[in-house]
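Trainee: I'd like a close look at one part of this model rather than a quick tour of everything. Could you pick a strand, go through its partners, and then work outwards from there?

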Amino acid sequence: MPARWKRQRRTTTLATAVAAGIVLTTLPASAAPGGPGVGDPYYPDDGNSGYDVTQYDVRVNYDPARPRHLEGDTTVQAVAAQDLDRFHLDLEGFQVTSVTVDGTPARAVSREGAHELVITPARPLAENARFSVRVRYSGEPVGEGWHALADGGANVSGEPHAATAWYPANDHPSDKATFRLTATVPDGWTVVGNGRPGATTTGRGTTTFRWYEDRPMATFLSTIAIDKFTVHTSELSDGTPVVHAYSPGATADPETEDLLPDVIDFLASKFGPYPFSSAGAIVIAGDDGSGPFALETQSRPTYHGGFFDVSMVHENTHQWFGDSVSLSDWRDGCLAECFAQYAVQLWYEEKSGDDLDTGFYRSMVEESREDPDFWTTRLYDPGQGSELAGALYSKGSMMLHALRRTVGDRAFFGTLKRWQRDHRYSNASWPQFEALVEEVSGEDLTGFFRAWAHGTTTPARKYLFPGSLGSLDPDGATAR
């Protein structure tokens with residue numbers, strides 16, 4: 001199981017410099033702003049309720065000779081969800097040098113809390129109005145997602161937060177947008193991002209790289225990787241371009257690369273068509289001090305310290321579960337991690353002939369008997385700080401196998417494909433998934449989900465050993 005990036009406490013940065021003519025101020029309570037957050041139960045200040053982003057155009061300059069300094073120029077295209085006298089963007093640290101709204105300097109800019117950039121446009125924005133916010137900034141990235149590499153390069157990956165370490169954003173999975181990245185670095189360095197590569201141009205001792213993600217993306221899935229990469233290109237079986245980028249010291253294994261089309265074809269057979277216009281991997285050598293982990297950065301997962309079939313299956317499953325269909329809020333982590341981990345079992349079932357009942361499931365039951373805390377975490381709404389808890393991998397993958405044995409393969413895999421079709425490129429919640437399984441299977445699964453997804457104790461035997469799993473019940477009980 002790939003280790004996951006651990007959430008760290010955000011760094012509070014209140015001071016900032018703004019350009020001449022922009023006033024640092026605390027705005028009156030009588031103003032009618034968009035809310036400072038979308039109201040996520042775990043991170044209520046993340047995101048912003050006053051608008052919907054349609055596109056990010058992020059332009060950065062980075063010189064590895066100054067590894068703690070980034071110059072940014074980001075334009076956010078959005079639609080106002082209400083009349084706005086002011087609105088927020090999430091951004092950690094940096095010196096903000098100018099902010100314009102539709103080309104006009106903002107009337108006022110302030111900083112609030114750990115990561116709120118509060119902007120008052122020169123003129124209020126009307127509901128449904130399309131508008132453009134341009135923020136220029138520079139300084140040291142301080143957010144949890146920015147990882148400086150030993151050779152001076154850098155990489156961004158983190159969950160649940162990463163984007164605000166390098167550009168201003170509406171930082172919540174519920175507001176997805178397309179993404180353009182333009183990054184300038186000294187000659188000899190390479191920049192890899194999400195989506196398809198665009199034109200690469202050169203200047204006086206610099207090279208500018210462009211990347212385009214044309215499908216909506218949650219902000220925490222965006223990435224930039226800067227290093228002296230070795231880049232390999234190929235195609236999936238349907239012609240979709242593949243870009244693999246390897247940091248110096250990372251192992252470029254041709255057999256692993258050759259396996260990716262098979263992995264994606266296999267996952268597509270279970271979940272439906274691959275949802276993005278490019279694929280591949282960013283492989284960091286693991287010398288940044290973060291230790292081994294992997295993250296499902298959209299269209300091109302990031303791997304630190306290793307790139308092999310288990311992590312490849314897990315992270316590419318996220319391209320469906322978590323990326324194409326994203327969480328409604330951070331209570332819904334099982335919609336990503338439970339499925340990504342169970343997909344590894346499905347892979348070995350098909351490719352190695354594993355019996356998941358007597359192999360995987362039996363071993364997990366035995367593990368649960370040895371661990372008194374195995375069942376104590378809820379799979380839906382596990383609590384702040386536990387949104388990526390290990391239970392989502394262990395208990396969660398068990399639950400999906402038990403669900404499969406409860407409703408049968410036809411209903412189970414039919415539900416997974418229907419889920420992807422119904423919510424492609426959007427957001428959905430765990431309660432919606434429960435309702436869809438009941439609709440597709442025609443069964444009342446209230447008790448099953450109460451025991452597995454909402455419970456904190458060992459499920460009753462009829463839910464723990466359904467269908468063919470009944471043979472594992474030491475008391476000989478079956479549950480159909």
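**A strand and its partners**

Mentor: Start with Arg196, whose bridge partner in β16 is Tyr212. That contact belongs to the antiparallel pairing of β14 (residues 196–197) with β16, which is made of two bridges. Two strands count as paired if DSSP finds at least two bridges between them, and the strands and helices themselves are DSSP runs numbered from the N terminus (E, at least two residues, for strands; H or I, at least four, for helices). Before going on, keep in mind that this is a predicted model, in which local features need pLDDT of at least 70 and side-chain atom pairs pLDDT 80 or more, while totals for chains, interfaces and linings use all residues. Residues are numbered from 1 along each chain as its sequence is written, and side-chain values use heavy atoms, with hydrogens and water left out.

Back to β16, which spans residues 206–217 and is joined to β12 by nine antiparallel bridges. Across that pairing, Leu181 faces Trp211 of β16. Then there's β15 (residues 201–202), also antiparallel to β16, with two bridges; here Thr201 sits opposite Thr208. β15 and β16 make a hairpin with three residues in between, and Gly205 in the turn has a positive phi of about 80°.

From β12 we can step to the aromatics. Rings of Phe, Tyr and Trp (its six-membered ring) pair if their centres lie within 6.5 Å; planes under 30 degrees apart are stacked, over 60 edge-to-face, and the rest tilted. The model has 32 such pairs. One of them is Tyr56 with Phe179: the centres are 6.3 Å apart and the planes at 50°, so this one is tilted. Phe179 is in β12 (residues 177–186) and Tyr56 in β2 (residues 51–62), so the pair ties together parts 123 residues apart in sequence. Both Tyr56 and Phe179 are buried, meaning under 20% relative accessible area, with exposed being over 50% and partly exposed in between (1.4 Å probe, protein chains only).

For a stacked pair, look at Phe321 and Phe339, with 4.4 Å centre to centre and 5° between the planes. Phe321 is in the loop between α2 and β23 (326–327), and Phe339 is in helix α3, 18 residues apart. Phe321 counts as buried because its relative accessibility is 0%, and Phe339, at 3%, is buried as well.

Helix α3 takes us to α4. The buried residues of α4 pack against α3 (334–352), α5 (394–407), α8 (446–452) and α9 (461–464), where contact means heavy atoms within 4.5 Å. Those buried residues are Asp357, Phe360, Tyr361, Met364, Val365 and Ser368. They cover an arc of only 125° around the axis, which puts them on the same side of α4; the arc is that of the directions from the helix axis to the C-beta atoms. Arg369 and Glu370 are exposed on the other side.

The loop holding Phe321 follows on from α2, so let's finish at the sheet where that helix packs. The sheet is open, has five strands in the order β18-β19-β20-β22-β21, and its pairing is mixed. Its edge strands are β18 (230–235) and β21 (293–295), each pairing on one side only. From one strand to the next the twist averages 15°. β19 (residues 241–246) and β20 (residues 279–284) run parallel over five bridges, one of the partnerships being Val243 with Gly280. Helix α1 (residues 254–271) packs on this sheet, touching β18, β19 and β20, and its direction makes about 135° with that of β19. Axes here are lines fitted to C-alpha atoms, for helices over the stretch in contact, and angles run from 0 to 180 degrees between N-to-C directions. Helix α2 (residues 309–317) touches β21 and β22 (302–304), with its direction at about 145° to that of β22.

One residue to click on last is Thr256, which lies in α1. Thr256 counts as buried, at 9% relative accessibility. Leaving aside its neighbours within four places in sequence, Thr256 is in contact with Phe307, Phe308 and Met312.
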